[in-house]
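Q: Hey, I've just been handed this one and haven't looked at it before. Can you walk me through it?
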Amino acid sequence: MTIEWGGGYAMASNNTKRDTFEIPEGYEAEHDSEGRATGAVRPRGSDLQPQTPAAVRQFGTGATRDLDANKLDFEGFLSPLVLERYAEHMHKARRMPDGSMRDSDNWQLGIPVKVYMKSLWRHFVSVWKLHRGLPVTEEVRGEVIVKDLETELCAVIFNASGMLHEVLKAKKNG
């Protein structure tokens with residue numbers, strides 16, 4: 001099969017079949033080391049580089065993919081059990097004292113790092129006490145609430161995540 005590139009168009013032919021297609025805006029043709037078009041396109045200015053045979057996984061089906069050794073592994077780094085329990089905790093915390101529900105991303109509007117830090121420490125101490133077998137209670141609007149380990153761990157995650165969110169936001173904004 002021969003591939004010819006020109007004027008933003010690609011033409012492929014193999015004696016009997018001839019196809020042409022336009023390279024999408026924002027993309028460019030990939031070329032081999034001798035400057036010949038390979039028939040592949042990549043985002044213009046992309047840091048994606050042509051793959052060497054040693055940097056390609058080949059599957060039994062014949063499909064190929066680049067290696068994933070240097071890519072973030074969200075599926076491996078996170079636990080669906082933890083994320084689900086955390087989401088349950090966060091959903092419950094959306095209910096305001098007047099019965100209304102705040103938006104799930106309300107915290108992203110901005111809470112001072114100092115507030116996160118103080119809350120993080122309170123919940124960390126609760127986790128520590130529960131880990132040591134000590135009871136943890138809190139009085140809320142005249143009602144005594146017995147704290148549990150799962151809820152306190154979720155509160156630690158929330159405060160650590162919120163604090164990190166503010167730190168990263170400040171770093172991004174200079």
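A: Sure. One term before the counts: helices (H or I, at least four residues) and strands (E, at least two) are DSSP runs, numbered from the N terminus. Also, keep in mind that this is a predicted model.

Q: Got it. So how many helices and strands does the protein chain have?
A: There are four helices and nine strands in the protein chain.

Q: And what pattern do they follow along the sequence?
A: Going along the sequence, the pattern is β-β-β-β-β-β-β-α-α-α-β-β-α.

Q: What share of the residues counts as buried?
A: The protein chain has 174 residues, and 17% of them count as buried. As for contacts between residues at least 6 apart in sequence, 33% join residues at least 24 apart.

Q: Let's talk pockets. How much space lies in the largest pocket?
A: The largest pocket holds about 1,200 Å³ of space. It is lined by 35 residues, and those closest to its centre are H89, A93, R102, H123 and K147.

Q: Which elements give two or more residues to that lining?
A: Those are α2 (80-93), α3 (113-131), β8 (137-140), β9 (143-146) and α4 (149-172). The biggest contributor to the lining is α3, with six residues.

Q: What's the lining like by class?
A: It's a mix of 14 nonpolar, nine polar and 12 charged residues.

Q: Back to H89 for a sec. Where is the place of H89, and is H89 buried or exposed?
A: H89 sits in helix α2. At a relative accessible area of 16%, H89 is under the 20% cut-off, so it counts as buried.

Q: What is H89 in contact with, leaving aside its neighbours within four places in sequence?
A: With those neighbours set aside, H89 is in contact with T151, C154 and A155.

Q: Which residues make up the largest nonpolar core?
A: Seven residues: Y86, M90, W107, Y116, C154, F158 and M163. Both α2 and α4 supply at least two residues each, and α4 has the largest share of this core with three. As a general point, nonpolar side chains tend to be buried together in soluble globular proteins.

Q: Pick one of those. What does M163 touch?
A: Not counting residues up to four places away in sequence, M163 touches V113, Y116 and M117.

Q: Any other residue in α2 worth a look?
A: Try L83, which is also placed in helix α2. L83 has 43% relative accessibility, between the 20% and 50% cut-offs, so it counts as partly exposed. L83 and C154 are 71 residues apart in sequence, but their C-alpha atoms are 9.5 Å apart in space.

Q: New topic: the strands. How do β8 and β9 run, and how many bridges join them?
A: They run antiparallel, and four bridges join β8 to β9. One pairing to look for is E138, whose bridge partner in β9 is I145.

Q: What about the turn in that hairpin?
A: The hairpin of β8 and β9 has two residues between the strands. R141 is in that loop, and its phi is near 50°, a positive value in a residue other than glycine.

Q: Why does R141 count as exposed?
A: R141 has a relative accessible area of 70%, which is over the 50% cut-off, so it counts as exposed.

Q: How far is R141 from P97?
A: C-alpha to C-alpha, R141 and P97 are 9.8 Å apart in space, with their positions 44 residues apart in sequence numbering.

Q: Last one: K169. Where is it, and what does K169 touch?
A: K169 belongs to helix α4. Not counting residues up to four places away in sequence, K169 touches Q108, L109 and G110. K169 and Q108 are 61 residues apart in sequence and 9.9 Å apart in space, C-alpha to C-alpha.

Q: And why does K169 count as partly exposed?
A: K169 has a relative accessible area of 26%, and the partly exposed class lies between 20% and 50%, so K169 falls in that class.

How values were computed. Residues are numbered from 1 along each chain as its sequence is written. This is a predicted model: local features need pLDDT of at least 70, side-chain atom pairs count only at pLDDT 80 or more; totals for chains, interfaces and linings use all residues. Side-chain values use heavy atoms; hydrogens and water are left out. On a 1 Å grid over the protein atoms alone, a cavity is a set of points where a 1.4 Å probe fits but cannot get out, and a pocket is an open set with protein on both sides within 12 Å along at least five of seven lines; lining residues have an atom within 4 Å of a point. Grid points are joined across faces, edges and corners, and a volume is the space filled by probe spheres set on the points. Ala, Val, Leu, Ile, Met, Phe, Trp, Tyr, Cys and Pro count as nonpolar, Asp, Glu, Lys and Arg as charged, and the others, Gly among them, as polar. Two strands pair if DSSP finds at least two bridges between them. Buried means under 20% relative accessible area, exposed over 50%, partly exposed in between (1.4 Å probe, protein chains only). Contact means heavy atoms within 4.5 Å. A nonpolar core is a set of buried Ala, Val, Leu, Ile, Met, Phe, Trp, Tyr and Cys residues joined through side-chain atoms within 4.5 Å.
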